[in-house]
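Here's a walk through one protein model, written for someone who likes to poke at geometry. Have a look at the structure first, then read on.

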Amino acid sequence: MAYKYLTTVALLLISVLLPTQTVLAGNISSGDSGLLWLVNRSNMLTSSYVPPNLCEYQGIRLQSVARDAFVQMLKSMEEDGIYGLRLQSAYRSYSYQQAVFNQREKELKAKGHSKSEAENMASKSIQPPGASEHQLGLSLDVSIDGKLTQAFGETKAGKWLEEHSHKYGFVIRYPSSKTEITQIIYEPWHLRYVGTPHSTIMKNLVLTLEEYLSYIKQINMYIFWEENCDYYFLLYSNSLPEVLPPGTIDISAFTSGETEYIITTRKSYPTIW
Ligand SMILES: [Zn+2]
């Protein structure tokens, strides 16, 4: 541990002292597919937001990066003897969410509730349009029997996902112990693709996306070591820098407001010296 701590300090010092490679941010497509966008009732997507790179998996639309990771994960699950995990739902457009919400509102009004009552009641069980993570095309609802129930968390598949899904870039987005933070009930079936190393850091530190973003912002910089001693360097920035650190693999906007960023670089140790 002491060795790792000292090495981390040394790496920090050297990273500060090393000349920064001149790469204009404008020349790099940040490729921000919303991996770290926080979407909820306080951070809503606009009606015009449609994620990039949508593709289909068994007739269900989602971003290709999430599809590829899901396919890879399914393969590993099957190698571990767990079969039958199905994708139930992924990308939902703003207008689809609007239609679902309106339908619920209509049903409630038909039961004699006023418009505002019905709206209030509908929003307790259904995310209003713009507030659903599914609009990102990075959220996946999965099941083994076609049902989305909390009992899924106790199944072999549910437990496997809890333990291993982070390796493929997924997190259980709404865990039972964090409902006060997410403001969403425990949903063991709802996976969110955030990509590695974010998913593994969140799993290791037991942080929800809300907490993870606040944490990185607070500490400004985070180093994540891989088992093979390569490492990721995460930097918080409140503006898109003109010059990017060498080895930058991803720039993710913090929120849908696109005003804060996490710059992720990956380096091999010790070959950079
Ligand atoms: Zn969901």
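A residue is called buried here if 20 or more other C-beta atoms lie within 10 Å of its own, exposed if 12 or fewer, and partly exposed in between. Keep in mind that this is a predicted model.

With that cut-off in hand, take glycine 153. It has 18 C-beta neighbours inside 10 Å, so glycine 153 counts as partly exposed. You'll find glycine 153 in the loop between β4 (139-143) and α5 (156-164). Which residues does glycine 153 touch, leaving aside its neighbours within four places in sequence? The contacts are Gly158 and Pro188. The pair with proline 188 spans 35 residues in sequence, yet the C-alpha atoms of glycine 153 and proline 188 are 5.1 Å apart.

**The chain as a whole**

The protein chain has eight helices and 10 strands. Of its 273 residues, 30% count as buried. If you take the contacts with a separation of 6 or more, 65% of them join residues 24 or more positions apart.

**The core**

In soluble globular proteins, nonpolar side chains tend to be buried together. In this model the largest nonpolar core has 44 residues, and those touching the most other members are Ala66, Ala69, Leu140, Phe170 and Tyr193. Helix α2 (residues 64-79) gives the most to this core, with six residues. What does alanine 66 touch, once residues up to four places away in sequence are set aside? Its contacts are Gly137, Leu138, Leu140 and Tyr193.

**A four-stranded sheet**

Strands of a sheet pair through backbone hydrogen bonds, either parallel or antiparallel. Here, four strands make an open sheet in the order β7-β8-β10-β9, with antiparallel pairing. β7 and β9 (248-253) sit at the edges with a single partner strand each, so one side of each is left without a neighbour in the sheet. From one strand to the next, the twist averages 15°.

Going across the sheet, β7 (residues 221-225) pairs with β8 (residues 231-237) over five bridges. In that pairing, tyrosine 222 has leucine 234 in β8 as its bridge partner. The β7 and β8 hairpin has five residues between the strands, and cysteine 229 takes a positive phi near 80° there.

On the next step, β8 and β10 (residues 261-267) run antiparallel over seven bridges. Opposite serine 237 you'll see tyrosine 261 of β10, tyrosine 236 has isoleucine 262 as its bridge partner, and leucine 235 stands opposite isoleucine 263. Then β9 joins β10 through five bridges, again antiparallel. In this last pairing, isoleucine 251 is the one bridged to isoleucine 263 of β10.

**Two packed helices**

Two packed helices are described by the angle between their axes and the distance between the axes. For α3 (residues 94-110) and α4 (residues 115-125), the angle is about 130° and the axes are 8 Å apart. Angles from 65 to 115 degrees would count as roughly perpendicular and those over 145 as roughly antiparallel, and α3 and α4 are therefore oblique to each other. The crossing of α3 past α4 is right-handed. On the α3 side, the residues that meet α4 are Phe101, Arg104, Glu105, Leu108 and Lys109. Their counterparts in α4 are Lys115, Ala118, Glu119, Met121, Ala122 and Ser125.

**Backbone oddities and loops**

Most residues other than glycine have a negative phi, and most peptide bonds are trans. A few places in this model go the other way. Here are two of the positive phi values:

| Residue | Phi |
|---|---|
| Asparagine 53 | near 55° |
| Valine 206 | about 55° |

Asparagine 53 lies in the loop between α1 (2-17) and β1, and it is partly exposed because 13 other C-beta atoms lie within 10 Å. Valine 206 belongs to the loop between α7 and α8 (209-219). Since it has 10 C-beta neighbours inside 10 Å, valine 206 counts as exposed.

Where does proline 197 sit? Proline 197 is in the loop between β6 (187-193) and α7 (198-205), and the peptide bond leading to it from threonine 196 is cis, with omega near 5°.

One more loop residue is glutamine 58, between β1 (54-57) and β2 (60-63). It has 7 C-beta neighbours inside 10 Å, so glutamine 58 counts as exposed. Glutamine 58 and glutamine 88 are 30 residues apart in sequence, with their C-alpha atoms 9.6 Å apart.

Notes. Residues numbered from 1 in each chain as written. Predicted model: local features only at pLDDT ≥ 70, side-chain atom pairs only at ≥ 80, totals over all residues. Pairing = 2+ DSSP bridges. Helix = DSSP H or I, 4+ residues; strand = E, 2+ residues; numbered from the N terminus. Axes fitted to C-alpha atoms, helices over the stretch in contact; angles between N-to-C directions. Core = buried A, V, L, I, M, F, W, Y, C linked by C-beta atoms within 7 Å. Contact = placed C-beta atoms within 7 Å. Parallel < 35°, antiparallel > 145°, perpendicular 65-115°, else oblique. Left-handed = near helix turned anticlockwise from the far one by under 90°.
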